[in-house]
Amino acid sequence: MGASMSNHAPLLLLYLRETRAQGAKMRPGQFDCALYAAEWVKRCSGRDLASEWRGTYRRLQDGRAKLRAAGFAGPADLAAKYLVEIDGWQYARPGDIAVIEEDGETAFGIIGGKQIHVLSAIGLDVTRLDRAVRVFRP
């Protein structure tokens with residue numbers, strides 16, 4: 001059984017602490033923004049949405065090609081199939097998954113209050129909550 005919404009804030013803090021302590025950085029197919037968000041969903045709900053994707057690509061464009069071959073226009077469409085979409089970032093809660101657009105590409109982050117925790121080439125970072133173009137609840 002996954003954690004209830006009231007447990008997401010402490011669980012999120014623990015996940016972010018562990019991710020920082022491990023020095024996690026963007027590694028396509030191993031721990032990229034989609035797998036970072038998928039691990040969070042797994043911790044919240046017990047569902048591993050990335051089991052068939054993890055470790056199957058080494059470049060982000062290869063991961064996107066695999067998604068298209070499976071019938072998904074992109075990673076946000078995969079999230080939409082399995083998670084509840086929230087109508088706008090204004091209704092987001094800590095622990096929700098944010099979709100942001102960066103240079104025409106989709107990226108995932110995890111909402112923590114008034115910011116989105118994102119994974120980058122240098123590790124964990126934050127960006128503004130209003131950058132979320134879609135929001136999903138794990």
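Leu78, in this predicted model, counts as buried because its relative accessibility is 13%, which falls under the 20% that sets the limit for a buried residue. The residue has its place in helix α4, and, once its neighbours within four places in sequence are left aside, Leu78 is in contact with Leu49, Trp53, Leu67 and Phe72. A further pairing helps to place Leu78 in the fold: Ala107 stands 29 residues away from Leu78 in sequence, and the C-alpha atoms of the two are 13 Å apart in space.

From this one residue we can step back to the whole chain. The protein chain has four helices and six strands, and a reader who follows the sequence meets them in the pattern α-α-α-α-β-β-β-β-β-β. The radius of gyration of the protein chain is 14 Å, close to the 14 Å that the globule rule gives for 138 residues, so the chain is as compact as a globular protein of that length. Along the principal axes, the C-alpha atoms fill a box of roughly 35 × 35 × 35 Å. Among the contacts with a separation of 6 or more, 62% are between residues that lie 24 or more positions apart.

How much of the protein chain counts as buried? Of its 138 residues, 41% do, while the area that the chain exposes comes to about 7,500 Å², with carbon and sulfur atoms supplying 52% of it. The chain carries 20 positive and 16 negative charges, and the mean positions of these two groups are 5 Å apart.

The interior can be described through its nonpolar cores. The largest of them holds 21 residues, of which Tyr36, Trp40, Leu83, Ile97 and Ile110 touch the most other members. At least two residues of this core come from each of α1, α2 (33-45), α4 (75-82), β2 (97-102) and β3 (105-112), and α2 gives the most, with five residues. Apart from this core lies another, of 11 residues, and among them are Ile100, Ala107, Val118 and Val135.

Tyr36 repays a closer look, since its partners beyond four places in sequence include Tyr15, Leu16 and Phe31, and its contacts also take in Phe108, Gly109, Ile110, His117, Val118, Leu119 and Leu124. One of these partners, Leu16, is found in helix α1 (residues 8-21), and Leu16 is buried because its relative accessible area is 4%, under the 20% limit. Which residues does Leu16 contact when its neighbours within four places in sequence are left aside? They are Tyr36, His117 and Leu124. Lys42, by contrast, stands 26 residues from Leu16 along the chain, and the C-alpha atoms of Leu16 and Lys42 are separated by 14 Å.

The last stop is Asp103, whose place is in the loop between β2 and β3. Is this residue buried or exposed? Asp103 is exposed, because its relative accessible area is 75% and the limit for exposed residues is over 50%. The backbone of Asp103 also deserves attention, for this residue has a positive phi of about 55° although it is not a glycine. Most residues other than glycine have a negative phi.

Methods: Residues are numbered from 1 along each chain as its sequence is written. This is a predicted model: local features need pLDDT of at least 70, side-chain atom pairs count only at pLDDT 80 or more; totals for chains, interfaces and linings use all residues. Side-chain values use heavy atoms; hydrogens and water are left out. The radius of gyration is taken over C-alpha atoms; the globule rule is 2.2 Å times the number of residues to the power 0.38. Buried means under 20% relative accessible area, exposed over 50%, partly exposed in between (1.4 Å probe, protein chains only). Contact means heavy atoms within 4.5 Å. Accessible areas come from the Shrake-Rupley method with a 1.4 Å probe; for residues, only the protein chains shown count as cover. Lys and Arg count as positive and Asp and Glu as negative; His and the chain ends are not counted. The place of a charge is taken as NZ of Lys, CZ of Arg, CG of Asp or CD of Glu. A nonpolar core is a set of buried Ala, Val, Leu, Ile, Met, Phe, Trp, Tyr and Cys residues joined through side-chain atoms within 4.5 Å.
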